[in-house]
Amino acid sequence: MPDRSAIYVGTAFVAGVCLTIAYKDILDSRRNEKSAKPKPQSDALVAHSGPPEIVEGIEGCIGNTHLFRIKSLSDETGCEILAKAEARFLNGAGQSSKDRVALSMIELAEEEGILTPYSGDTIYEGTSGSTGISLASLARAKGYLAHICLPSDQAIEKSNLLLKLGAIVDRVPPAPIVEKENFINRARALAAAHTGSTPVATEDGEVEPSERMARGRGFFADQFENEANWRAHYDGSGPEIYAQCNGKIDAFVAGAGTGGTISGVARYLKPLLPDLTVVLADPQGSGLYNRVRYGVMFDVKEREGTRRRRQVDTIVEGIGVNRVTANFEAGKELIDDAVRVTDAQALAMARWLVEKDGIFAGSSSAVNCFAAVKTAQKLGPGHRIVTMLSDSGSRHLSRFWAKAGDVGGAVDTKLSDVLNARDEDFQ
Ligand code: PMP
């Protein structure tokens, strides 16, 4: 018999090359498909009559939040001002828009083999609160531990809640990002130290698996730089808003903490709706307003000697930042305009939303609504503006709402009072 092995090897080699090329083509075309114009996903999101179907675990409850018309602001402006209610009880675990982001970061880490459920792995994060709360509850749901670092000037109810969720909580004195003790740097360092001190099994299996299991690894979620953050909004909030509005949206308004929300939603909506105006809602003390309007990251409160307590000098929690993060970078070219909102205006808007609509909003949601009104006034009547209600006022009782005060019974505030609110109104 002739020796055919060389022919077999040769044929197998050519076949292998062809398969590899074909597989690469498939992968490339999938990648291109992903980066091409997003497809409206309305079919999958059409509302079903009757109660929502059964889902797997608390994480199955994340997303698909309501979009509702804020009656008072719509009536006042002649625009339709729509709010995405991210804080309703069953936005999954942590009851804020950060549920989407936390789940996306955990799932990506699992895909990459950085996190393994029930192996003692710990998720570390630096957060002003919401992301930590979402991560802590999802950690429980998915078999991890959570160690959360947050600045000590954030509302105490956030760290109390984290403790109830079984997280380790580090309240760190506020410090600029360049300092080691900054809450984000601390979370990153703790995760690295944890992984560094975890015994790694050699090929001869020197380390007892139980020892590795007991210590687990440390995973730094890194919401500011982790692109799983904006992708959660590109895959979730953006398509939901598009479907809920049947593609009719004139403006999208949102604040930026990491930038994940505004970038993810803008990246989804803009290619589908080229005339859409994307507006950043920025609290006082944040440098992003000037970055969007004039290309320079600067805030007047940042001048030497004028900074008060924190890096971003505002009573608003969760939004405002003085550096460009990867998540803001991902969408910054798509942001058309910015509205600056003072603390007094945010406080007045929060009171208005209770007084007129019974909406008990968190501080960033109040900033968003204020900026939505300004956008409505700029665009003129007849436009549809979508904004986010990221979390509830109950996360802000001891700080923001303590300053806002009780709304009182028979009050009749005018929208102009809200628009012109000044610091003296809240002394
Ligand atoms: N609102 C609240 C209460 C938040 O915690 C955050 C996140 N820091 C945001 C809004 C802003 O979202 P993003 O990080 O996507 O910019």
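Ala, Val, Leu, Ile, Met, Phe, Trp, Tyr, Cys and Pro count here as nonpolar, Asp, Glu, Lys and Arg as charged, and the others, Gly among them, as polar. The model is predicted, with local features requiring pLDDT of at least 70 and side-chain atom pairs pLDDT 80 or more, while totals for chains, interfaces and linings use all residues. Residues are numbered from 1 along each chain as its sequence is written, and side-chain values use heavy atoms, without hydrogens and water.

**Exercise 1.** Characterise the shell around the ligand by residue class.

*Solution.* Step one: count as near any residue with a heavy atom within 4 Å of the ligand. There are 15 residues around the ligand, and Lys98, Gly257, Thr258, Thr261 and Ser364 come nearest. Step two: sort the shell, which gives two nonpolar, ten polar and three charged residues.

**Exercise 2.** Identify polar contacts of the ligand with Ser130, Gly257 and Ser364.

*Solution.* Step one: accept pairs of N or O atoms within 3.5 Å. Step two: take the ligand's oxygen atoms; one is 2.8 Å from a polar side-chain atom of Ser130, and one is 2.7 Å from a polar backbone atom of Gly257. Step three: a nitrogen atom of the ligand lies 2.6 Å from a polar side-chain atom of Ser364.

**Exercise 3.** Describe the lining of the largest cavity.

*Solution.* Step one: on a 1 Å grid over the protein atoms alone, a cavity comprises points where a 1.4 Å probe fits but cannot get out; lining residues have an atom within 4 Å of a point. Step two: the lining holds 45 residues, with Ser128, Gly257, Glu317, Gly318 and Ile319 nearest the centre. Step three: these 45 residues comprise 14 nonpolar, 24 polar and seven charged.

Terms used:
A polar contact is a pair of N or O atoms within 3.5 Å; within protein, one must be able to donate a hydrogen and the other to accept it, and residues adjacent in sequence count only if both atoms are side-chain atoms. On a 1 Å grid over the protein atoms alone, a cavity is a set of points where a 1.4 Å probe fits but cannot get out, and a pocket is an open set with protein on both sides within 12 Å along at least five of seven lines; lining residues have an atom within 4 Å of a point.
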